[in-house]
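Here is a short round of questions and answers for a first look. Keep the structure in view as you read.

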Amino acid sequence: MLTAAETKPNTASLPSKGMLIDGKWVDSASGGRITVENPAKRKPIGEVPRANAADVDRAVAAASKAYAQWRRVVPRERGKALLKIAEALQARTEDIARTIALETGNALRTQARGEANMTADIFRYFGGLASELKGETLPLGEHVLSYTRREPLGVVGAIIPWNAPVMLAALKIAPALCAGNVMVMKAAEDAPLGVLLMAEICQEFLPPGVLNVLTGYGEECGGPLANHPGVAKLSFTGSTEVGKVIMRAAAERIVPVSLELGGKSPSIVYPDADEDWAVDGIIAAMRFTRQSQSCTAGSRLFLHEDIFDSFLSKLEKKTTALKLGDPLDEATDIGTIINNKQFTKVCKYVDEGLKRSDAKLVFGGLPPKTGPLSEGYFAIPTVFADRSNDWRLAREEIFGPVLVAIRWSDEAEAIRMANDSHYGLAAYVWTHDIGAGLKTAHAIESGWVQVNQGLGQVPGMSYGGFKQSGIGREFSLEGMLDSFTQRKSVTVNLEVRRT
Ligand code: ADP
């Protein structure tokens, strides 16, 4: 049975006011709406406006108007606004977390609360960095003063996905605004409610138009945003496929673009790491408690042949002990896949694995067709073994809890296989031999390698991908400077005299 909170949107915590343009909560120009679903029950939980090109025009116009003032606000004052937002978000973390859990299917205890806390932390981190928007002076001689300024770019068009919607929104809003830009963000159609709630909190501390948040579909709203002539910078997080579309739009107008895209990240386990801590680490790296809907999921497990079977049996024991269930239940470890499209896609990969006589199912399989879990998009953690790194399941980003275990005996071969991917986002190395671990970490073609841990990003690290996993870095001071400012050089001749 659905609880009352799930059947009708709670207006205190689930904004149904509309989307944010110019400081106001508005409907779409067309009047169209998008229904948001609770993926654990396959039931609607609310509606948001269905924005299109006309709404993008309105939002970009509002942002452009606000830019003239916002860019002139002293950076530390902008930082103070972000710090106030951080505190207000911190006070509302439980509301935000519950909204995230309800609309994404991510479990409240294992995921959504962490995301809500991280969101406040991101604003806190960038709020403190406002005075780091420093320039340089060039030593060109006594007769000349040459210095650089870090200037904002203008209207940033941001497009985000649904897998960690609120945190990913914060990661664009906080650095962009800190640096003096204004923003038009498009939330993901499957998970807009948490982002709207966050925007509502932000809006209390921002002038109208500095932050605008649209809700709409990819091509219908994201497309016009990416192509809008008033947008001076594009910041996108999502699939590699759509990333290419965004990059083409950026190329048309020569605007800078940051892309955080997909991954098929390797985990290399050395024979000395056949221990419980490494198994726990693999479960964390695979993001099983996020249904592996993460671009950093360590979804290719390269196990040394000497420990192949024993490691997998430990992994089975620990993973199958995790509890799938209602994301809002405190006892739940693993929630649901976001929607029917993704669920069907994940099931197809599992089905392919089950049908291959040359692949061994270690544990998991297709979702149950009856019982409470069949009410939602629950996918079971699944591990296949005995196929090579060339298999489709080892090459394509599944974005679901399907792990492929591959044997290795020679270290160089393990590294070659790890690098044999068009992705290069994250990687994990597991060994007591720190020298070997670091050499391997350095040889791996990924933007982020963790040795002996499988944790999430922390503010301050420059996060981003190699190869088709992306361009540019966000999450850090350097990321803010590189992605959300442009350098201007000013050179002054000091020897001009009145004649
Ligand atoms: P996912 O597979 O995780 O949904 P997508 O890359 O499809 O990832 O979506 C990420 C974001 O990009 C979403 O907000 C989506 O609406 C948006 N999007 C999808 N297609 C387009 C497009 N053609 N132009 C602009 N934005 C798009």
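**The ligand and its surroundings**

An oxygen atom of the ligand lies 2.6 Å from an N or O atom in the side chain of serine 239. The model is predicted: local features need pLDDT of at least 70, side-chain atom pairs count only at pLDDT 80 or more, and totals for chains, interfaces and linings use all residues. Residues are numbered from 1 along each chain as its sequence is written, and side-chain values use heavy atoms, with hydrogens and water left out.

Q: How much of the ligand's accessible area does the protein cover?
A: On its own, the ligand has 550 Å² of accessible area (Shrake-Rupley method, 1.4 Å probe). The share of this that the protein covers is 83%.

Q: Which backbone lies 3.3 Å from an oxygen atom of the ligand?
A: A polar contact is a pair of N or O atoms within 3.5 Å. Here the ligand supplies an oxygen atom, and the backbone N or O atom belongs to glycine 218.

Q: How far is an oxygen atom of the ligand from the side chain of tryptophan 162?
A: The side-chain partner in tryptophan 162 is an N or O atom. Trp162 is also among the residues that come nearest, along with Ile160, Lys186, Glu189 and Ser239. The distance from the ligand's oxygen atom to the N or O atom of tryptophan 162 is 3.0 Å.

Q: Which helix gives the largest share of the shell around the ligand?
A: Helices are DSSP runs of H or I with at least four residues. Both α8 (218–226) and α9 (240–253) supply at least two residues of the shell. The largest share, four residues, comes from α8.

**Two positive phi values**

Q: Where is isoleucine 254, and is this residue buried or exposed?
A: Isoleucine 254 is in the loop between α9 and β11 (257–260). Its phi is near 50 degrees, a positive value in a residue other than glycine. Most residues other than glycine have a negative phi. Buried means under 20% relative accessible area and exposed over 50%, with partly exposed in between (1.4 Å probe, protein chains only). At 73%, isoleucine 254 is exposed.

Q: Is arginine 287 buried or exposed?
A: Arginine 287 lies in the loop between α10 (276–285) and β13 (300–304). Its phi is positive, about 55 degrees, although it is not a glycine. Because its relative accessible area is 8%, arginine 287 is buried.

Terms used:
Near = heavy atom within 4 Å. Polar contact = N/O pair within 3.5 Å; in protein donor to acceptor, adjacent residues only side chain to side chain.
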